[in-house]
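Could you take me around this structure in a viewer, one selection at a time? I am new to it and would like to know what to click on next.

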Amino acid sequence: MADLARSDAVLTRYRSLVEGGTPPSEWAFAWRTEINRGGFDAYDFLMREVVDTGKCVGCAACVTICPTDVFDYVNEEPVDTRGEACVHCVLCADVCPVLSPPDHTIADVVHYREPKLDEGYGIYSYEYLVRATKPEIAARAQDGGLISAILLHQLEQGGINGAVVGDILPDDPQVGTHLLATTPDEILNARGSRYTYSPNTVALSEAIERDIKPIAVVGVPCQVDGIRQQQHSGIRLAMNKWYRENIKLVLGLFCSEAFTHESIAAIARESGRHRKEIDNINIKGKVIIRFTDGEVEERSLKEFQQYARPACLYCQDYATDQADIGAGGIGLDGWTYTVVRTEAGHEAFQACLDAGWLEVRPVSDAPRSKPLLQRLSGFKRDKLPPPLLPTVEERRATGQMDPKGFRLSKMKKKAEEEAAAKAAGNGSAV
């Protein structure tokens with residue numbers, strides 16, 4: 001009963017900070033003050049404020065940081081299966097990127113490389129269009145094969161002993177799953193992208209259990225944010241020490257949103273095929289579907305948005321701003337738009353390039369890509385922080401389920417228009 005009361009107190013304190021206009025960098029004060037009092041059932045606070053409201057992005061940071069295995073990971077979110085095992089370390093709350101946006105000091109700990117440029121898609125040092133030169137990598141790459149090339153080169157050179165990546169279910173090749181890859185074949189077989197959500201970072205638990213280190217991690221923005229929270233949490237314990245010391249490289253995948261498993265069923269239904277016949281899905285301003293017999297179909301991306309994963313509204317990062325290297329197709333065919341951000345990213349990229357595994361072109365060769373990257377990053381950043389956004393149930397009640405909705409500029413404009421109308425006596429704010 002006492003623990004629940006403390007959880008209630010933290011929840012009340014947190015909401016008062018959020019709703020009272022306190023800067024997001026100070027929201028963690030709500031639970032960090034409890035550490036000096038012996039901690040509290042932080043999992044209960046996390047479940048009520050994030051999971052039960054539908055705001056969980058599924059990054060699995062809380063699952064893989066917990067030292068006593070309180071959580072299971074089911075249907076893209078944590079389940080507090082073993083709450084009685086909680087030891088009040090408060091790490092699960094502290095690493096959640098929904099509860100608290102990345103701290104403003106993160107730039108000091110991820111070691112961004114000079115020159116520190118910022119053109120609207122996160123701090124970076126330099127950028128190229130990149131393509132893998134090895135045919136066995138490029139053959140099945142989603143775009144240019146950059147990620148696979150760097151992982152394979154690092155594994156060959158002994159820079160890493162494993163990589164956390166996304167794979168597919170054997171019986172359902174468009175549904176992503178996590179994999180701790182430790183061999184070249186495992187990395188090659190996992191190449192390519194899926195547009196359903198792949199919980200890559202769940203494999204971090206296996207890396208710790210097997211003591212596979214050092215490792216690289218490949219993830220979408222919410223996962224990258226969770227990893228950085230794990231590595232640099234203000235609560236220093238053995239779990240986050242392992243992540244700080246043994247995650248050598250974080251490779252980020254640009255991402256607007258993922259899509260639900262229903263999207264795969266819809267493609268199969270509309271095409272009159274079995275879902276196993278879907279060989280690959282790519283998005284280049286439209287949805288491009290390649291089937292196993294070689295046939296290609298296209299869908300309107302606007303119409304496909306009805307299958308967008310609701311949780312993706314609560315992510316404010318498109319270009320994996322905190323990754324060592326960010327990468328994505330951005331309208332390109334056979335090349336990867338590559339943004340090198342940190343010293344670690346530079347070392348891995350340059351080593352792969354010097355070995356002849358990569359070829360590069362200037363981004364000016366694709367004049368539409370950079371403005372598109374800036375615009376998509378702006379869409380994600382131009383939103384209220386997750387705690388100030390409506391819950392999934394509130395969105396369902398109003399029919400506002402598109403993750404691209406709730407842009408801050410639109411909300412400000414609407415509020416200003418309503419205030420002006422009210423002041424002029426032409427209507428009242430709704």
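## First stop: a small set of strands

Start with the open sheet of 3 strands, which pair antiparallel in the order β10-β11-β12. At its edges are β10 (278-283) and β12 (296-299), each of which pairs on one side only. From one strand to the next, the twist averages 20 degrees. Bear in mind as you look around that this is a predicted model.

Now select β10 together with strand β11 (residues 287-291): they run antiparallel and are joined by 5 bridges. Show Asn 280 and you will find it opposite Arg 290 in β11. Helix α13 (residues 261-271) packs on this sheet, touching β10, β11 and β12, and its direction makes about 115 degrees with that of β10.

Next, look at the turn from β10 into β11. This hairpin has 3 residues between the strands, and Gly 285 takes a positive phi there, near 80 degrees.

Stay with β11 and switch on its side chains. Which of them point to one face and are buried? They are Val 287, Ile 289 and Phe 291, while Ile 288 and Arg 290 point to the other face and are not buried. This follows a general pattern: in a regular strand, side chains alternate between the two faces of the sheet.

Move across to the other neighbour. β11 and β12 are antiparallel too, pairing over 4 bridges. Ile 289 stands opposite Glu 297 in β12. The hairpin of β11 and β12 has 4 residues between the strands, and here Gly 294 has a positive phi near 95 degrees.

## Second stop: helix α8

Select residues 146-157 to see helix α8, which has 12 residues. From first C-alpha to last, α8 reaches 16 Å, close to the 16 Å expected at 1.5 Å a residue. Is this helix enclosed or open? It is largely enclosed by the rest of the structure, because 10 of its 12 residues are buried. Among the buried ones are Leu 146, Ile 150, His 153 and Leu 155. Just after α8 comes Gly 158, whose phi is positive, near 80 degrees.

## Third stop: salt bridges

How many salt bridges does the count come to? It comes to 30 salt bridges, and a few of them make good stops.

Begin with Glu 34 and Arg 37, whose side chains meet in a salt bridge with 2.9 Å from N to O. Colour by accessibility and you will see that Glu 34 is buried, with a relative accessible area of 4%, whereas Arg 37 is exposed, at 51%. Add Arg 6 and Arg 13 to the selection: these two, Glu 34 and Arg 37 are linked in a network of salt bridges.

Then select Arg 113 and Glu 343, a salt bridge in which the closest N and O atoms are 3.8 Å apart. Arg 113 lies in the loop between α6 (106-110) and β3 (117-118) and Glu 343 in helix α15 (residues 343-354), so the pair ties together parts that are 230 residues apart in sequence. Glu 343 is partly exposed, with a relative accessible area of 35%.

For another link between distant parts of the chain, select Asp 321 and Arg 381, whose side chains meet in a salt bridge at 2.8 Å, N to O. Asp 321 is in the loop between α14 (301-304) and β13 (325-328), and Arg 381 is in helix α16 (residues 369-381), 60 residues apart. Asp 321 is buried, with a relative accessible area of 16%, while Arg 381 is partly exposed, at 34%.

## Fourth stop: unusual backbone spots

Return to the loop between α6 and β3, where you will find Pro 115. A cis peptide bond joins Glu 114 and Pro 115, with omega about -5 degrees. His 111 lies in that loop as well, and it has a positive phi of about 60 degrees although it is not a glycine.

Another cis peptide bond joins Lys 213 and Pro 214, with omega about -10 degrees. Look for Pro 214 in the loop between α10 (204-210) and β8 (215-219). Finally, visit His 88 in the loop between β2 (77-79) and α5 (91-94); its phi is positive, near 65 degrees.

## Last stop: confidence

Colour the chain by pLDDT. Its mean is 90, and 92% of the residues reach 70 or more. Over residues 426-430, pLDDT stays under 50, and the model has 7 contacts there beyond four places in sequence. Where pLDDT is low, the predicted coordinates should not be read in detail.

Note on methods: Residues are numbered from 1 along each chain as its sequence is written. Side-chain values use heavy atoms; hydrogens and water are left out. A salt bridge is a side-chain nitrogen of Lys or Arg within 4 Å of a carboxyl oxygen of Asp or Glu. Buried means under 20% relative accessible area, exposed over 50%, partly exposed in between (1.4 Å probe, protein chains only). Helices (H or I, at least four residues) and strands (E, at least two) are DSSP runs, numbered from the N terminus. Two strands pair if DSSP finds at least two bridges between them. Axes are lines fitted to C-alpha atoms, for helices over the stretch in contact, and angles run from 0 to 180 degrees between N-to-C directions. Contact means heavy atoms within 4.5 Å. The expected span of a helix is 1.5 Å times one less than its number of residues. pLDDT is the predictor's confidence in each residue, from 0 to 100.
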